[in-house]
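Student: I would like to go through the salt bridges of this chain. Please show the sequence and the model to begin with.

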Amino acid sequence: LISVVEDIDALNVDVSSKGSDLGTGGMATKLTAAKLATSSGVNMSIVSAEDPCVITEILNGKKVGTLFKGRVLKTSKDRKRWIIGLPARQFIHLDEGAVKAIKEKKSLYAAGIKEIKGRFPANAPVGLCDIKGNVFAQGVVNYSSAELDVLKGRQMSDSYQILGYYGAECVIH
């Protein structure tokens, strides 16, 4: 049993057997899932499903099964790939100037926000919509939908007076 895999790409194992008749996927399937999770910077464990408390044990820090360490997202390209893969279920509608700025790979500021669709916490993935409602980009917000509802159309320099605390300098970087 391997307890920790630091780099899944360096792992050299034979996964040609189909596994047991009880499982729902062989080791190749499990390693494919581990590769997907770790490439997004997420830790993942492969464990036996015989013990129904195994998830709780992992969350409590007990070393169970094999832990695959998430890759550190070092580059902007890695982060962008990760963001694109996030499912956006809430949307921010922008004015023409903000659309242009985002297309030029600049940050989004509250002044360019016209409307918030959906409720979301800070650090959630959101779709960015042009004035016609077409989703053209996606990002991770620094503010919740409630905060953005009161900040939209305003200058970020006013955020302390509006919110009562200093927040991030932009909505999405």
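The turns below take the salt bridges one at a time.

Tutor: This is a predicted model, in which local features need pLDDT of at least 70, side-chain atom pairs count only at pLDDT 80 or more, and totals for chains, interfaces and linings use all residues. Residues are numbered from 1 along each chain as its sequence is written, and side-chain values use heavy atoms, with hydrogens and water left out.

Student: How many salt bridges are there?

Tutor: Side chains of opposite charge can pair when their charged atoms come close. A salt bridge here is a side-chain nitrogen of Lys or Arg within 4 Å of a carboxyl oxygen of Asp or Glu. By this rule the count is four.

Student: Is K106 buried or exposed?

Tutor: Buried means under 20% relative accessible area, exposed over 50%, and partly exposed in between (1.4 Å probe, protein chains only). The relative accessibility of K106 is 51%. K106 therefore counts as exposed.

Student: Which residue forms a salt bridge with K106?

Tutor: The closest N and O atoms of the pair are 3.3 Å apart. The partner has 39% relative accessibility, so E104 counts as partly exposed. The residue asked for is E104.

Student: What is the N to O distance between K152 and D149?

Tutor: K152 is partly exposed at 31%, and D149 is partly exposed at 39%. Their side chains meet in a salt bridge, and the N to O distance is 3.6 Å.

Student: Which residues are joined into one network?

Tutor: The joining is done by salt bridges that share partners. The residues in this network are K100, E104 and K106.
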